[in-house]
Amino acid sequence: MSKVFLITGAGRGLGADLARQALEAGHRVVATARRPEHVLEALGGEQDNLLATALDITEPDTARSAVRSAVERFGRIDVLINNAANFYAGYFEEISDAQLRAQIETNLFGPMNVTRAVLPVMRAQRDGHVITLSSLAGVVGLEFCVAYAAAKFGVEGFMESLRHDVEPFGIRTTVVEPGFFRTELLVDASTTWAELSIDDYAERTAATKEQWQAMNGRQAGDPAKLAAALLTIAGRQQPPARFVAGSDAIDAVAAKARELLAQAEASRDLGADLAHDDA
């Protein structure tokens, strides 16, 4: 059955793959980017089932405008895919306060802004599916990723709690935790390096930055296959609340789950009996 998708960050990378495959499958697609002409370039121009529209996920007004345009064009929104993101890379002390706030503004408040704009439409329909891209770094803290992880851990909490808010309205949620995919997150347009410099970190920063730059375009994960998997999930009546994507992420998340269980059990003697004792 044909659905209406609203996809953020659809001008390149995974977002363009999602939009392209959704169109090929016969769906109607609202593909958004800060510059919608980039969407048209990526997808081969105007199409009857495609609405390319401007959306800066950090600006709630543009999210509301994109949603209005989607409903005017296609009458509804069945699936929202919060895909747009960027990456501020560096050690915590070398990332400025402004950079840290900008990372969280985009990667956490951005999906919140778009979801807030879409939910009234889905509630009125009593149907919908919100899919938000988190990351392996939203489950497992990684070196050089403190700002990105802080935002993505926030996404995890947002989506896990949102599920309980919207389930009574027939709205389903899925948070996606990809490992390392060739999604263009490491290209210059998406990656910002820490702007501060501290001598104690200098050698590690130089070496780690070189490793990240060398990884770009060589990640194991195929974004086209990830896009296909997400479209499969979007077609399910009972989609998973969490989707871990890529063997590297599956192994790491499973290890984290075992670690958390072990830590919980180790806390039991000291942590379990902390209730107030009645006099």
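**Briefing: a parallel sheet and its helices**

Let's start with helix α5: at 1.5 Å a residue, its 21 residues (146–166) should span 30 Å, and the end C-alpha atoms are indeed 30 Å apart, so the two agree. Keep in mind that this is a predicted model. From there we can move to what α5 packs on, then to the sheet, and finish with a histidine in a loop.

**Helix α5**
- The buried residues of α5 include Ala147, Tyr148, Ala149, Ala151 and Lys152, along with Val155, Glu156 and Phe158, and further on Met159, Leu162 and Val166.
- Those buried residues pack against four strands and a helix, namely β5 (87–89), β6 (128–133), β7 (171–178), β9 (242–245) and α4 (97–125).

**The sheet as a whole**
- We have an open sheet of 7 strands here, paired in parallel and ordered β3-β2-β1-β4-β6-β7-β9.
- The edges belong to β3 (50–54) and β9; each has a single partner strand, so one side of each goes without a neighbour in the sheet.
- On average, neighbouring strands of this sheet are turned by 15° against each other, direction ignored.

**Helices on the sheet**
- Helix α2 (residues 36–43) packs on the sheet by touching β2 (28–33) and β3, and its direction makes about 150° with that of β3.
- Helix α3 (residues 60–74) lies across β1 (4–7), β2 and β3, and runs at about 160° to β3.

**Strand β1 and its partners**
- Side chains in a regular strand alternate between the two faces of the sheet.
- In β1, Val4 and Leu6 point one way while Phe5 and Ile7 point the other, and all are buried.
- On one side, β1 runs parallel to β2, joined by 4 bridges, and Ile7 stands opposite Ala31 in β2.
- To get from β1 to β2 the chain goes through α1, in a right-handed β-α-β crossover.
- β1 is also joined to β4 by 3 bridges, again in parallel, with Leu80 in β4 as the bridge partner of Leu6.
- Moving along, β4 (residues 79–82) runs parallel to β6 with 4 bridges between them, and Val79 has His129 in β6 as its bridge partner.

**His27, just off the strands**
- His27 sits in the loop between α1 (13–24) and β2.
- Is His27 buried or exposed? Its relative accessibility is 13%, and the cut-off for buried is under 20%, so His27 counts as buried.
- The side chain of His27 reaches the backbone nitrogen of Lys3 at 3.0 Å.
- Leaving aside residues up to four places away in sequence, His27 touches Met1, Ser2, Lys3, Phe5, Ala22 and Asn49.

Key:
Residues are numbered from 1 along each chain as its sequence is written. This is a predicted model: local features need pLDDT of at least 70, side-chain atom pairs count only at pLDDT 80 or more; totals for chains, interfaces and linings use all residues. Side-chain values use heavy atoms; hydrogens and water are left out. Helices (H or I, at least four residues) and strands (E, at least two) are DSSP runs, numbered from the N terminus. The expected span of a helix is 1.5 Å times one less than its number of residues. Buried means under 20% relative accessible area, exposed over 50%, partly exposed in between (1.4 Å probe, protein chains only). Contact means heavy atoms within 4.5 Å. Two strands pair if DSSP finds at least two bridges between them. Axes are lines fitted to C-alpha atoms, for helices over the stretch in contact, and angles run from 0 to 180 degrees between N-to-C directions. A polar contact is a pair of N or O atoms within 3.5 Å; within protein, one must be able to donate a hydrogen and the other to accept it, and residues adjacent in sequence count only if both atoms are side-chain atoms. A crossover is right-handed if, with the strands pointing away from the viewer, the path from the first strand over the helix to the second runs clockwise.
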